[in-house]
Amino acid sequence: MRRREKGFAPLRRSAEHGFTPVRRSAEHGFTLVEVMISLMIFGLLAAAGVALLSFSVRAQASTGAKLEDVQALNRLSSALAADLAQASARRTRNESGDLLPAFVGESGSAATPMVRLVRGGWSNLDEAPRPGEQKVEYRLDRGELQRVAYPMLDGAGALPPAVLLTHVRQVGLRYRLDGAWSENWQGTPVAALPQALEMRVVRDDGVEFRQLFLVGAGYVDRKPGNARG
């Protein structure tokens, strides 16, 4: 009986000799397969988190770009509406001394400038020696719709342009007087200003915007036949 006891060790001692018991105790840790499965699950979760974060960043950037574009369109509309509403019949001279009409409008982006006019209401907060009217132009240069202002009405060079809208493919302009539309406008003593302006802007992505503006809302016809008193 004692020899049999020496020849057969108990099952609980088999791990000491390199054999794995049927039921592994908790202190032995995880197996390699379990660790690899855990790492795979963690990697899948991390990849999903990175993809979700990347999508959120792209969506935020796209939304920001759209909002900036809408704001640029609003700035263009506001600037053009303010300039046209305060258009005046004041004629100007260029740097060569040539007399220019009060309002000149072309058919659109094929000409530079597209629109040139004199507007009133130019604030003079620093009380500089200049008039309260300002000569402005609108141009399309390499996909940028620009507003160009002049420091003086006569004989002065233009100030640096202000970009109002980018990614512009084409601009179309029309001018209305007494119910009739025309593609061009050259101000004359009889009709210095049109009554309305239509602008069509085509963006690089093909989206088109159409807007109508009143011209010279405060303009009073000074022809002798219409003078009062």
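Author: A helix here is a DSSP run of H or I with at least four residues, and a strand is a run of E with at least two, numbered from the N terminus. The model is predicted. Under that definition the chain has two helices and 12 strands, and both helices precede the strands in the pattern α-α-β-β-β-β-β-β-β-β-β-β-β-β.

Reader: Which element gives the most to the lining of the largest pocket?

Author: Helix α2 does, with three residues. The full lining consists of K66, D69, V70, H167, R203, D204, D205, V207 and F209, around a space of about 170 Å³.

Reader: How do you know that the span of α2 is close to the expected value?

Author: Helix α2 covers residues 32-85 and has 54 residues. The expected span is 1.5 Å times one less than the number of residues, which is 80 Å for α2. From its first C-alpha to its last, α2 reaches 79 Å, close to that expectation.

Reader: Which residues of α2 are buried?

Author: They are A72, L73, L76, S77, A79, L80, D83 and L84. An α-helix has 3.6 residues a turn, so residues three or four places apart point the same way.

Reader: What makes F103 and Y175 an aromatic pair, and what is its geometry?

Author: The ring centres lie 6.3 Å apart, and the limit for pairing is 6.5 Å. The planes meet at 80°; an angle over 60 degrees counts as edge-to-face, therefore the pair takes that name. A search of the whole structure finds one aromatic pair. The pair links distant parts of the chain, with F103 in β3 (residues 103-105) and Y175 in β8 (residues 168-177), 72 residues apart. Both F103 and Y175 are buried.

Reader: What places K135 over the face of Y150, and which ring does R174 lie over?

Author: K135 is 4.5 Å from the centre of the Y150 ring, and R174 lies over the face of W181 at 4.6 Å from the ring centre. The distance limit is 6 Å, and the charge must also be within 35 degrees of the ring normal.

Reader: Why is S88 called buried or exposed?

Author: S88 has a relative accessible area of 15%, and buried means under 20%, so S88 is buried. S88 is found in the loop between α2 and β1 (92-93). Leaving aside neighbours within four places in sequence, S88 is in contact with A102, V118, E133 and L193.

Reader: Is R142 buried or exposed, and why?

Author: R142 is exposed, because its relative accessible area is 79% and the cut-off is over 50%. R142 lies in the loop between β5 (134-141) and β6 (144-149).

Reader: What is notable about the phi of R142 and of H167?

Author: Most residues other than glycine have a negative phi. R142 has a positive phi of about 50°, and the phi of H167 is near 55°. H167 is found in the loop between β7 (162-165) and β8, and is also one of the residues that line the largest pocket.

Reader: How many cavities of 30 Å³ or more are there, and which residues line the largest cavity?

Author: The count is one, and the largest cavity holds about 50 Å³ of space. L80, M114, V115, Y138, L145, V171, L173, L197 and M199 line the largest cavity. The elements giving two or more residues to that lining are β8 and β11 (196-203). L80 is also among the buried residues of α2.

Terms used: Residues are numbered from 1 along each chain as its sequence is written. This is a predicted model: local features need pLDDT of at least 70, side-chain atom pairs count only at pLDDT 80 or more; totals for chains, interfaces and linings use all residues. Side-chain values use heavy atoms; hydrogens and water are left out. Rings of Phe, Tyr and Trp (its six-membered ring) pair if their centres lie within 6.5 Å; planes under 30 degrees apart count as stacked, over 60 as edge-to-face and the rest as tilted. Buried means under 20% relative accessible area, exposed over 50%, partly exposed in between (1.4 Å probe, protein chains only). Contact means heavy atoms within 4.5 Å. On a 1 Å grid over the protein atoms alone, a cavity is a set of points where a 1.4 Å probe fits but cannot get out, and a pocket is an open set with protein on both sides within 12 Å along at least five of seven lines; lining residues have an atom within 4 Å of a point. Grid points are joined across faces, edges and corners, and a volume is the space filled by probe spheres set on the points.
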